[in-house]
Amino acid sequence: MVFCKVLIEQVIQWEEGIVNNQERIYFDQGFAFGMGVFETIAVEQGCPLFLPWHLERMEKGLDILGINKENFLEQVTKEKIVKYLQKNPMNHGALKIMVSEKNIIFNTRENPYTKEDYERGFHLGISKVLRNETSLFTYVKSFHYGDNLLEKRKCKKAGYDEVLLLNTKGQITETTASNIFFVKNKRLFTPKTECGLLEGVVRRYVIENFDVQETVITKENLVEYEEVFLTNSIMGIMPVIGIEEKKFKSREVVNQLTRAYKNL
């Protein structure tokens, strides 16, 4: 009876609007089974970058998971996000929006990437955990993030900054939190979506603004490339200095893309 009472109170409180930071989270399939989606949006000088693309991807994810979008469409709008950021101002941070059947959560944090990270570049390991290119969850930014989190922790302990994920066919897909690009003869290459990866927002920016060939890449192909970089919404563009023993010394193309991205 107590459990039922709690649920009744939560349904009533749901009508009050968006949950912020430390307020109550309601028990639903998002909490119980990971049936929810989220977006992490870079905020610069109070402005949420690529906001329409983030909301578009979030709505698509809700459709794929079969989650009712009524509350999302009503509560997660540009106007309400801007209002939230005005009350929670940031110069260089991140806004995380999480949506499930009964929850909409807004949360903010500082951007964790430092100037030293970009100057040094990231060194990647290669995970033994395989990305499942046959699963719908691979293509949705969902609450099902356990593999990514555990592999990220493991790679940090091993002395790497990030870890590369292969699919069941041995093809390169992405890292735990970013998409990956390769440079050969000043041309850009990135794994095909169907290899098993989340189509990132900054990945989309690079593909739409530069000549990029989506292809199949294996770890045996790494010797063919002169430069590598990662992309995600919070880091933007991050140079890669090595993947395990393979080193990448050139940054000519990466630096050109970084300058263009910073001038958005």
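Which side chain meets glutamate 214 in a salt bridge? Select glutamate 214 and arginine 203 in this predicted model: their side chains form a salt bridge, with 3.0 Å from N to O. The two residues belong to distant parts of the chain, eleven residues apart. Glutamate 214 sits in strand E11, which spans residues 212–215, while arginine 203 sits in helix H8, which spans residues 201–209. Colouring by accessibility separates the partners: arginine 203 is buried, at a relative accessible area of 4%, whereas glutamate 214 is partly exposed, at 36%.

**Second stop: the network**

Next, select Glu56, Arg204 and Glu208. Salt bridges link these three residues in a network.

**Third stop: helix H7**

Now display helix H7, residues 146–157, and pick out glutamate 151 and lysine 154. A salt bridge joins glutamate 151 to lysine 154, and their closest N and O atoms lie 3.0 Å apart. Why are the two separated by about one helical turn? The reason is that glutamate 151 and lysine 154 are three residues apart in helix H7. Glutamate 151 is buried because its relative accessibility, 7%, is under the 20% limit.

**Fourth stop: from helix H7 to strand E7**

Keep helix H7 on display and add strand E7, residues 162–166. Lysine 152 forms a salt bridge with glutamate 162, and the closest N and O atoms of this pair are 3.7 Å apart. Because lysine 152 lies in helix H7 and glutamate 162 in strand E7, the pair ties together parts that are ten residues apart in sequence. Is glutamate 162 buried or exposed? Glutamate 162 counts as buried, with 1% relative accessibility. Lysine 152, by contrast, is partly exposed, with a relative accessible area of 22%.

**Fifth stop: two cysteines**

Select cysteine 47 and then cysteine 155. Cysteine 47 is partly exposed, its relative accessible area being 41%, whereas cysteine 155 counts as buried at 4% relative accessibility. How many disulfides does the structure hold? The number is zero.

**Closing view**

Finally, return to the whole structure, where a search finds 14 salt bridges. Among the salt bridges visited on this tour are the pair of glutamate 214 and arginine 203, the pair of glutamate 151 and lysine 154, and the pair of lysine 152 and glutamate 162.

Methods
Residues numbered from 1 in each chain as written. Predicted model: local features only at pLDDT ≥ 70, side-chain atom pairs only at ≥ 80, totals over all residues. Heavy atoms only, no water. Salt bridge = Lys/Arg side-chain N within 4 Å of Asp/Glu carboxyl O. Helix = DSSP H or I, 4+ residues; strand = E, 2+ residues; numbered from the N terminus. Buried < 20%, exposed > 50% of the residue type's maximum accessible area, 1.4 Å probe, protein only. Disulfide = S-S within 2.5 Å.
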